[in-house]
Amino acid sequence: MIRLDRVTAETDDGTVIFEELDLEARDGQVVIVTGHAGSGKSALIDVCRGVLVPVAGTVKVEPAGTCAVVTQEYELCESLTVAENIVLPLIARGVEHAQAAELTSKALQRFGIDAIADHLIDEISGGQRQRVAVARAIADGPTVIVADEPTSALDAENREIVLAELRRCADEGASVLITTNDTQLAENADASYVLGVAHV
Ligand SMILES: Nc1ncnc2c1ncn2[C@@H]1O[C@H](COP(=O)(O)OP(=O)(O)OP(=O)(O)O)[C@@H](O)[C@H]1O
């Protein structure tokens, strides 16, 4: 569960990014946040993942410390293969080796990236990188997921795959918060918010 109560965030120089924002993503929900460029979607992701501390209001993420994140930069390790980028974080989080390998294999298949499992990150396309980033984030079924424009580099078919996988996480009980420039995504969400204008 993610809940923001009257949260105000500011830039480093004190400019208000958003003010008194109330937002909730309950367990089992996919919540979409749209808004024009610069409206604060990435800042909202940073608030949820705890790297931008609000100047007012409260942020609750439960269970604490479990937030899986997809950033716009992907933050993949260029010197590792696609499969290694998924399996190593699992092992680092304490997943036993055989299970980590199995989770990785399933994630590669679900995201249609098994054929490039042994490719280095700089050998694959932007859209493939984005799918690796989402696959890595959700490989072990996290309970809270925040994803910053996770379909921005994808064609229609892969966009559907990524959204279906995020929805599957919610069906399994996760709370999923997605920012996007694509207002159509809001149609299939359990709730949607628009930054920069009154909330719906
Ligand atoms: N972690 C952060 N710390 C401080 N300021 C931030 C942080 N993240 C974003 N901002 C600031 O918030 C403002 C809104 O930018 P942000 O990237 O959140 O908008 P956005 O809606 O995601 O835009 P886009 O659609 O172009 O990605 C900018 O002034 C930016 O510098």
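This dialogue explains how to read several features of a predicted model.

Student: What should be known about the model and its numbering?

Tutor: The model is predicted, so local features need pLDDT of at least 70 and side-chain atom pairs count only at pLDDT 80 or more, while totals for chains, interfaces and linings use all residues. Residues are numbered from 1 along each chain as its sequence is written.

Student: How many helices and strands does the protein chain have?

Tutor: Helices (H or I, at least four residues) and strands (E, at least two) are DSSP runs, numbered from the N terminus. The protein chain has 5 helices and 8 strands, in the sequence pattern β-β-β-α-β-β-α-α-α-β-α-β-β. Its radius of gyration is 17 Å, close to the 16 Å of the globule rule for 200 residues, so the chain is as compact as a globular protein of that length. The radius is taken over C-alpha atoms, and the rule is 2.2 Å times the number of residues to the power 0.38.

Student: How is the open sheet of 3 strands ordered?

Tutor: Strands of a sheet pair through backbone hydrogen bonds, either parallel or antiparallel. Here the order is β2-β1-β4, with antiparallel pairing; two strands pair if DSSP finds at least two bridges between them. The edge strands, β2 (16-25) and β4 (56-61), each pair on one side only. Strand β1 (residues 2-10) pairs with β4 over 5 bridges, and Asp5 stands opposite Thr58 in β4.

Student: Which helix packs on this sheet?

Tutor: Helix α1 (residues 41-48) does, touching β1, β2 and β4, and its direction makes about 120° with that of β1. Axes are lines fitted to C-alpha atoms, for helices over the stretch in contact, and angles run from 0 to 180 degrees between N-to-C directions. Contact requires C-beta atoms, placed from the backbone, within 7 Å.

Student: Which residues of α5 are buried?

Tutor: A residue is buried if 20 or more other C-beta atoms lie within 10 Å of its own, exposed if 12 or fewer, and partly exposed in between, with C-beta atoms placed from the backbone. In α5, Arg159, Val162, Leu163, Leu166, Cys169 and Ala170 are buried. They cover an arc of only 110° around the axis, which puts them on the same side of α5; the arc is that of the directions from the helix axis to the C-beta atoms. The face turned away from this side carries the exposed residues Glu157, Glu160, Ala164 and Asp171.

Student: What covers the buried residues of α5?

Tutor: The cover includes β3 (30-34), α4 (126-138), β6 (144-148) and β7 (175-179). Just after α5, Gly173 takes a positive phi of about 115°.

How values were computed
Contact = placed C-beta atoms within 7 Å.
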